[in-house]
Amino acid sequence: MKARLSIILVAAIFACGVVAAPLVGAEEKKRVVFLSGGPSHGFAQHEHLAGCTLLSKRINESGLPIESTVVKGWPTDPHTFDGAAAIVIYCDGGGGHLIMKHLEEFNALVKKGVGVGCIHYAVEVPTGDGGNALLGAIGGFFETFLSVNPHWTAEFKEPSKHPTANGTHAFKTNDEWYYHMRFQSDMTGITPILTAIPPDSTRKNVKDAHGGNPEVFAGVGKNQTEHVVWAYQRPNNGGRGFGCTGGHNHANWSQDDFRTTILNSIVWITGLEVPAEGVKSKRPDAEELLLNIPEGKKKGNFDMAAEVKKIEELNAVK
Ligand SMILES: [Zn+2]
(Lines give C-alpha, C1' and ligand atoms only; values in the text may rest on other atoms or scores of the structure.)
Protein backbone atom coordinates (compact mmCIF):
# COMPACT_ATOMS: atom_id res chain seq x y z
CA MET A 1 0.00 0.00 0.00
CA LYS A 2 2.80 2.37 1.01
CA ALA A 3 4.70 1.64 -2.20
CA ARG A 4 1.60 2.28 -4.23
CA LEU A 5 1.11 5.66 -2.54
CA SER A 6 4.70 6.63 -3.35
CA ILE A 7 4.17 5.77 -6.97
CA ILE A 8 1.03 7.93 -7.04
CA LEU A 9 2.93 10.75 -5.32
CA VAL A 10 5.82 10.57 -7.79
CA ALA A 11 3.34 10.43 -10.65
CA ALA A 12 1.53 13.48 -9.25
CA ILE A 13 4.78 15.48 -8.88
CA PHE A 14 5.80 14.49 -12.39
CA ALA A 15 2.38 15.52 -13.69
CA CYS A 16 2.69 18.87 -11.91
CA GLY A 17 6.09 19.34 -13.48
CA VAL A 18 4.66 18.71 -16.90
CA VAL A 19 1.79 21.11 -16.25
CA ALA A 20 4.12 23.75 -14.79
CA ALA A 21 6.39 23.92 -17.82
CA PRO A 22 3.97 25.76 -20.16
CA LEU A 23 3.05 28.15 -17.33
CA VAL A 24 6.68 29.29 -17.08
CA GLY A 25 6.65 29.79 -20.85
CA ALA A 26 3.46 31.86 -20.62
CA GLU A 27 5.19 34.25 -18.21
CA GLU A 28 7.97 35.03 -20.63
CA LYS A 29 8.13 38.72 -21.28
CA LYS A 30 7.48 40.35 -24.64
CA ARG A 31 10.58 42.22 -25.73
CA VAL A 32 10.47 45.71 -27.21
CA VAL A 33 13.47 47.40 -28.83
CA PHE A 34 13.43 51.19 -29.00
CA LEU A 35 15.57 52.67 -31.79
CA SER A 36 16.59 56.23 -30.99
CA GLY A 37 17.87 58.69 -33.57
CA GLY A 38 20.50 61.32 -32.80
CA PRO A 39 20.00 65.00 -31.94
CA SER A 40 18.95 67.36 -34.72
CA HIS A 41 16.69 70.14 -33.45
CA GLY A 42 16.76 72.74 -30.67
CA PHE A 43 16.54 72.10 -26.94
CA ALA A 44 13.59 69.87 -25.88
CA GLN A 45 12.63 69.21 -29.52
CA HIS A 46 13.06 65.86 -31.28
CA GLU A 47 14.51 64.46 -28.05
CA HIS A 48 14.72 60.96 -29.46
CA LEU A 49 16.99 59.47 -26.80
CA ALA A 50 15.28 61.19 -23.86
CA GLY A 51 11.86 60.23 -25.26
CA CYS A 52 12.78 56.59 -25.90
CA THR A 53 14.42 56.30 -22.48
CA LEU A 54 11.37 57.72 -20.71
CA LEU A 55 8.88 55.54 -22.60
CA SER A 56 11.07 52.46 -22.14
CA LYS A 57 11.28 53.10 -18.38
CA ARG A 58 7.50 53.45 -18.10
CA ILE A 59 6.98 50.24 -20.13
CA ASN A 60 9.36 48.39 -17.82
CA GLU A 61 7.60 49.77 -14.74
CA SER A 62 4.13 48.91 -16.06
CA GLY A 63 3.85 45.57 -14.28
CA LEU A 64 2.92 43.95 -17.60
CA PRO A 65 4.85 40.96 -18.98
CA ILE A 66 6.93 43.17 -21.22
CA GLU A 67 10.49 44.48 -21.13
CA SER A 68 12.27 46.99 -23.32
CA THR A 69 15.68 48.31 -24.18
CA VAL A 70 16.89 51.44 -25.97
CA VAL A 71 19.42 51.27 -28.80
CA LYS A 72 21.06 54.38 -30.27
CA GLY A 73 20.79 54.21 -34.03
CA TRP A 74 20.36 51.01 -36.03
CA PRO A 75 21.87 48.19 -33.95
CA THR A 76 25.34 46.94 -34.86
CA ASP A 77 24.74 43.68 -32.95
CA PRO A 78 22.87 41.40 -35.38
CA HIS A 79 21.19 39.62 -32.43
CA THR A 80 19.51 42.75 -31.07
CA PHE A 81 16.21 41.87 -32.71
CA ASP A 82 16.29 38.16 -31.77
CA GLY A 83 12.97 37.32 -30.16
CA ALA A 84 11.74 40.94 -30.30
CA ALA A 85 7.97 41.31 -30.31
CA ALA A 86 8.12 44.94 -31.43
CA ILE A 87 10.37 47.83 -32.36
CA VAL A 88 9.58 51.48 -31.70
CA ILE A 89 11.39 54.05 -33.85
CA TYR A 90 11.84 57.69 -32.78
CA CYS A 91 14.31 59.38 -35.10
CA ASP A 92 14.62 61.95 -37.84
CA GLY A 93 13.06 60.86 -41.10
CA GLY A 94 13.35 61.46 -44.82
CA GLY A 95 16.39 59.96 -46.55
CA GLY A 96 18.24 59.75 -43.21
CA HIS A 97 15.56 57.63 -41.52
CA LEU A 98 17.13 54.74 -39.58
CA ILE A 99 15.43 52.10 -41.73
CA MET A 100 16.58 53.52 -45.08
CA LYS A 101 19.98 51.77 -45.07
CA HIS A 102 18.45 48.57 -43.65
CA LEU A 103 15.26 48.12 -45.64
CA GLU A 104 15.83 44.44 -46.33
CA GLU A 105 16.33 43.66 -42.64
CA PHE A 106 13.41 45.90 -41.66
CA ASN A 107 11.04 44.30 -44.17
CA ALA A 108 12.11 40.84 -42.98
CA LEU A 109 11.19 41.77 -39.38
CA VAL A 110 7.80 43.04 -40.54
CA LYS A 111 7.27 39.87 -42.56
CA LYS A 112 7.95 37.84 -39.41
CA GLY A 113 5.14 39.72 -37.66
CA VAL A 114 7.29 41.96 -35.46
CA GLY A 115 5.24 44.98 -34.36
CA VAL A 116 6.44 48.44 -35.43
CA GLY A 117 5.68 51.86 -33.96
CA CYS A 118 6.95 55.15 -35.45
CA ILE A 119 6.90 58.42 -33.55
CA HIS A 120 7.00 61.93 -35.06
CA TYR A 121 9.60 62.46 -37.84
CA ALA A 122 10.05 58.66 -37.91
CA VAL A 123 6.75 58.48 -39.85
CA GLU A 124 8.44 60.23 -42.79
CA VAL A 125 10.39 58.30 -45.40
CA PRO A 126 10.95 58.92 -49.11
CA THR A 127 8.28 57.50 -51.42
CA GLY A 128 9.16 54.26 -53.20
CA ASP A 129 10.90 51.55 -51.23
CA GLY A 130 10.82 53.57 -47.99
CA GLY A 131 7.14 54.49 -48.27
CA ASN A 132 6.20 50.94 -49.18
CA ALA A 133 8.12 49.62 -46.16
CA LEU A 134 6.20 51.88 -43.75
CA LEU A 135 2.87 51.25 -45.49
CA GLY A 136 3.47 47.54 -44.89
CA ALA A 137 4.65 48.01 -41.31
CA ILE A 138 2.37 50.71 -39.89
CA GLY A 139 -0.20 51.32 -42.63
CA GLY A 140 0.82 54.88 -43.48
CA PHE A 141 3.59 57.45 -43.71
CA PHE A 142 4.32 61.15 -44.23
CA GLU A 143 4.57 61.61 -47.97
CA THR A 144 6.25 64.79 -49.14
CA PHE A 145 4.05 67.09 -51.27
CA LEU A 146 0.99 65.30 -49.81
CA SER A 147 1.35 65.54 -46.02
CA VAL A 148 1.98 68.72 -44.00
CA ASN A 149 3.88 69.55 -40.81
CA PRO A 150 2.39 72.60 -39.08
CA HIS A 151 2.49 73.32 -35.35
CA TRP A 152 -1.03 73.62 -33.91
CA THR A 153 -3.07 72.86 -30.83
CA ALA A 154 -5.03 69.69 -31.41
CA GLU A 155 -8.15 69.05 -29.37
CA PHE A 156 -8.98 65.36 -29.16
CA LYS A 157 -12.58 65.24 -28.06
CA GLU A 158 -13.70 61.63 -28.15
CA PRO A 159 -11.39 58.74 -27.19
CA SER A 160 -11.44 55.89 -29.69
CA LYS A 161 -13.01 52.56 -28.70
CA HIS A 162 -9.79 50.81 -29.79
CA PRO A 163 -7.71 49.23 -26.96
CA THR A 164 -4.89 51.72 -27.59
CA ALA A 165 -7.21 54.43 -26.22
CA ASN A 166 -8.03 52.51 -23.03
CA GLY A 167 -8.04 54.71 -19.94
CA THR A 168 -7.69 57.98 -21.89
CA HIS A 169 -9.88 61.07 -21.92
CA ALA A 170 -10.36 64.13 -24.11
CA PHE A 171 -7.18 66.24 -24.16
CA LYS A 172 -5.25 68.95 -26.00
CA THR A 173 -1.62 69.43 -26.93
CA ASN A 174 0.29 71.86 -29.05
CA ASP A 175 2.66 69.87 -31.20
CA GLU A 176 3.98 69.64 -34.70
CA TRP A 177 1.04 67.38 -35.54
CA TYR A 178 1.73 66.32 -39.12
CA TYR A 179 -1.43 65.39 -40.99
CA HIS A 180 -2.85 64.26 -44.33
CA MET A 181 -0.72 61.13 -44.31
CA ARG A 182 -0.51 58.62 -47.12
CA PHE A 183 -2.52 55.69 -45.76
CA GLN A 184 -3.27 52.21 -47.08
CA SER A 185 -5.94 52.50 -49.78
CA ASP A 186 -9.46 52.60 -48.32
CA MET A 187 -7.84 52.75 -44.85
CA THR A 188 -7.70 48.95 -44.89
CA GLY A 189 -6.49 47.66 -41.52
CA ILE A 190 -6.26 51.16 -40.03
CA THR A 191 -8.09 52.40 -36.94
CA PRO A 192 -7.74 56.13 -36.29
CA ILE A 193 -6.82 56.69 -32.64
CA LEU A 194 -6.34 60.47 -32.36
CA THR A 195 -8.28 62.70 -34.73
CA ALA A 196 -8.76 66.46 -34.62
CA ILE A 197 -9.65 69.44 -36.80
CA PRO A 198 -6.57 71.50 -37.72
CA PRO A 199 -7.15 75.26 -37.96
CA ASP A 200 -7.49 76.70 -41.46
CA SER A 201 -4.27 78.65 -40.86
CA THR A 202 -2.41 75.33 -41.30
CA ARG A 203 -3.93 74.70 -44.74
CA LYS A 204 -1.64 76.76 -46.91
CA ASN A 205 -1.53 76.60 -50.66
CA VAL A 206 2.23 76.59 -50.98
CA LYS A 207 4.54 74.55 -53.15
CA ASP A 208 6.75 73.03 -50.54
CA ALA A 209 7.69 69.41 -49.80
CA HIS A 210 6.27 69.68 -46.26
CA GLY A 211 4.12 72.76 -46.44
CA GLY A 212 0.99 71.96 -48.37
CA ASN A 213 -0.72 70.91 -51.51
CA PRO A 214 -4.06 71.55 -53.26
CA GLU A 215 -5.80 68.69 -51.41
CA VAL A 216 -4.90 70.12 -48.01
CA PHE A 217 -5.77 73.67 -49.11
CA ALA A 218 -9.15 72.47 -50.40
CA GLY A 219 -10.09 71.69 -46.79
CA VAL A 220 -10.18 75.39 -45.83
CA GLY A 221 -13.49 76.33 -44.22
CA LYS A 222 -14.71 72.73 -44.02
CA ASN A 223 -13.77 71.80 -40.43
CA GLN A 224 -12.17 68.69 -41.89
CA THR A 225 -10.86 66.10 -39.41
CA GLU A 226 -7.37 64.62 -39.76
CA HIS A 227 -5.88 61.49 -38.18
CA VAL A 228 -2.60 61.98 -36.35
CA VAL A 229 -2.28 58.70 -34.42
CA TRP A 230 -3.45 55.40 -35.84
CA ALA A 231 -3.26 51.67 -35.18
CA TYR A 232 -2.66 49.20 -37.99
CA GLN A 233 -3.55 45.53 -38.12
CA ARG A 234 -1.63 43.99 -41.01
CA PRO A 235 -3.52 41.61 -43.33
CA ASN A 236 -3.87 37.94 -42.33
CA ASN A 237 -2.84 38.62 -38.72
CA GLY A 238 0.62 39.52 -39.97
CA GLY A 239 1.44 41.72 -36.99
CA ARG A 240 0.57 45.20 -35.83
CA GLY A 241 1.84 48.74 -36.14
CA PHE A 242 1.08 52.28 -35.07
CA GLY A 243 2.02 55.76 -36.21
CA CYS A 244 2.11 58.94 -34.14
CA THR A 245 2.79 62.21 -35.94
CA GLY A 246 3.28 64.23 -32.71
CA GLY A 247 6.29 64.12 -30.43
CA HIS A 248 8.17 67.26 -31.53
CA ASN A 249 7.92 68.91 -28.08
CA HIS A 250 9.54 66.73 -25.43
CA ALA A 251 7.44 68.34 -22.66
CA ASN A 252 4.32 66.78 -24.18
CA TRP A 253 5.27 63.43 -22.63
CA SER A 254 4.02 64.98 -19.38
CA GLN A 255 0.47 65.03 -20.83
CA ASP A 256 -1.08 61.91 -19.29
CA ASP A 257 -3.53 61.01 -22.07
CA PHE A 258 -0.95 61.45 -24.83
CA ARG A 259 1.63 59.36 -22.96
CA THR A 260 -0.95 56.68 -22.12
CA THR A 261 -2.07 56.48 -25.77
CA ILE A 262 1.48 55.80 -26.92
CA LEU A 263 2.30 53.37 -24.08
CA ASN A 264 -0.96 51.51 -24.87
CA SER A 265 0.00 51.44 -28.54
CA ILE A 266 3.43 49.99 -27.73
CA VAL A 267 1.83 47.23 -25.64
CA TRP A 268 -0.76 46.57 -28.36
CA ILE A 269 1.80 46.08 -31.15
CA THR A 270 3.52 43.36 -29.10
CA GLY A 271 0.26 41.37 -29.29
CA LEU A 272 -0.44 41.71 -25.57
CA GLU A 273 -3.82 42.78 -24.32
CA VAL A 274 -3.94 46.44 -23.26
CA PRO A 275 -5.30 46.74 -19.69
CA ALA A 276 -8.90 48.05 -19.62
CA GLU A 277 -7.76 51.09 -17.62
CA GLY A 278 -4.79 51.67 -19.95
CA VAL A 279 -1.07 51.37 -19.14
CA LYS A 280 -0.59 53.17 -15.84
CA SER A 281 2.44 55.45 -15.77
CA LYS A 282 3.81 58.18 -13.55
CA ARG A 283 3.74 61.68 -15.02
CA PRO A 284 7.37 62.81 -15.51
CA ASP A 285 8.21 66.09 -13.80
CA ALA A 286 10.45 68.79 -15.29
CA GLU A 287 13.54 67.27 -13.65
CA GLU A 288 12.95 63.87 -15.23
CA LEU A 289 12.14 65.41 -18.61
CA LEU A 290 15.55 67.09 -18.61
CA LEU A 291 17.32 63.72 -18.31
CA ASN A 292 19.11 62.33 -21.40
CA ILE A 293 18.93 65.56 -23.40
CA PRO A 294 22.27 65.69 -25.26
CA GLU A 295 24.81 67.90 -23.52
CA GLY A 296 25.66 69.78 -26.68
CA LYS A 297 22.19 71.29 -26.94
CA LYS A 298 21.92 74.84 -25.68
CA LYS A 299 19.20 75.27 -23.08
CA GLY A 300 19.17 79.07 -23.30
CA ASN A 301 16.19 80.36 -21.32
CA PHE A 302 14.07 77.27 -21.95
CA ASP A 303 12.03 76.57 -18.82
CA MET A 304 10.81 72.95 -18.72
CA ALA A 305 8.75 73.49 -15.55
CA ALA A 306 6.92 76.36 -17.27
CA GLU A 307 6.25 74.15 -20.32
CA VAL A 308 4.82 71.39 -18.12
CA LYS A 309 2.61 73.97 -16.38
CA LYS A 310 1.35 75.26 -19.74
CA ILE A 311 0.29 71.74 -20.69
CA GLU A 312 -1.48 71.29 -17.34
CA GLU A 313 -3.30 74.59 -17.83
CA LEU A 314 -4.27 73.70 -21.40
CA ASN A 315 -5.92 70.56 -20.05
CA ALA A 316 -7.41 72.01 -16.86
CA VAL A 317 -11.09 71.14 -16.63
CA LYS A 318 -13.05 74.37 -16.79
ZN1 LIG B 1 9.33 68.08 -35.37
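Just after helix α6, glycine 271 adopts a positive phi of about 95° in this predicted model. The helix itself covers residues 256–269, and its length can be checked with simple arithmetic: at 1.5 Å a residue, its 14 residues should span 20 Å, and the end C-alpha atoms are indeed 20 Å apart, which agrees. As for its surroundings, 13 of the 14 residues of α6 are buried, so the helix is largely enclosed by the rest of the structure.

Strand β10 (226–233) offers a similar exercise in counting. Seven of its eight residues are buried, so β10 too is largely enclosed by the rest of the structure. On one side of the pairing pattern is strand β9 (residues 190–196), which runs antiparallel to β10 and is joined to it by six bridges. Here isoleucine 190 stands opposite tyrosine 232 of β10. Strand β11 (240–244) also pairs with β10 in the antiparallel sense, this time over five bridges. Tyrosine 232 appears again in this second pairing, where it stands opposite glycine 241 in β11.

The hairpin of β10 and β11 has six residues between the strands, and within it asparagine 236 takes a positive phi near 55°. Glycine 239 is found in this loop as well. Is glycine 239 buried or exposed? With 24 C-beta neighbours inside 10 Å, it counts as buried, because the cut-off for a buried residue is 20 or more. Leaving aside neighbours within four places in sequence, glycine 239 is in contact with Val110, Gly113, Val114, Gly115 and Arg234. Alanine 86 and glycine 239 are 153 residues apart in sequence, yet their C-alpha atoms are 9.3 Å apart in space.

A parallel pairing can be followed elsewhere in the chain. Strands β1 (residues 30–36) and β2 (residues 66–72) pair in the parallel sense over seven bridges, with lysine 30 standing opposite isoleucine 66 in β2. Between the two strands the chain passes through helix α2 (residues 48–60), and this β-α-β crossover is right-handed.

Glutamate 67 is found in strand β2. It has 15 C-beta neighbours inside 10 Å and therefore counts as partly exposed. Not counting residues up to four places away in sequence, glutamate 67 touches Lys29, Arg31 and Asn60. Glutamate 105 lies 38 residues from glutamate 67 along the chain, and the C-alpha atoms of this pair are separated by 22 Å.

Conventions: Residues numbered from 1 in each chain as written. Predicted model: local features only at pLDDT ≥ 70, side-chain atom pairs only at ≥ 80, totals over all residues. Helix = DSSP H or I, 4+ residues; strand = E, 2+ residues; numbered from the N terminus. Expected span 1.5 Å × (residues − 1). Buried ≥ 20, exposed ≤ 12 C-beta atoms within 10 Å, placed from the backbone. Pairing = 2+ DSSP bridges. Right-handed = clockwise from strand over helix to strand, strands pointing away. Contact = placed C-beta atoms within 7 Å.
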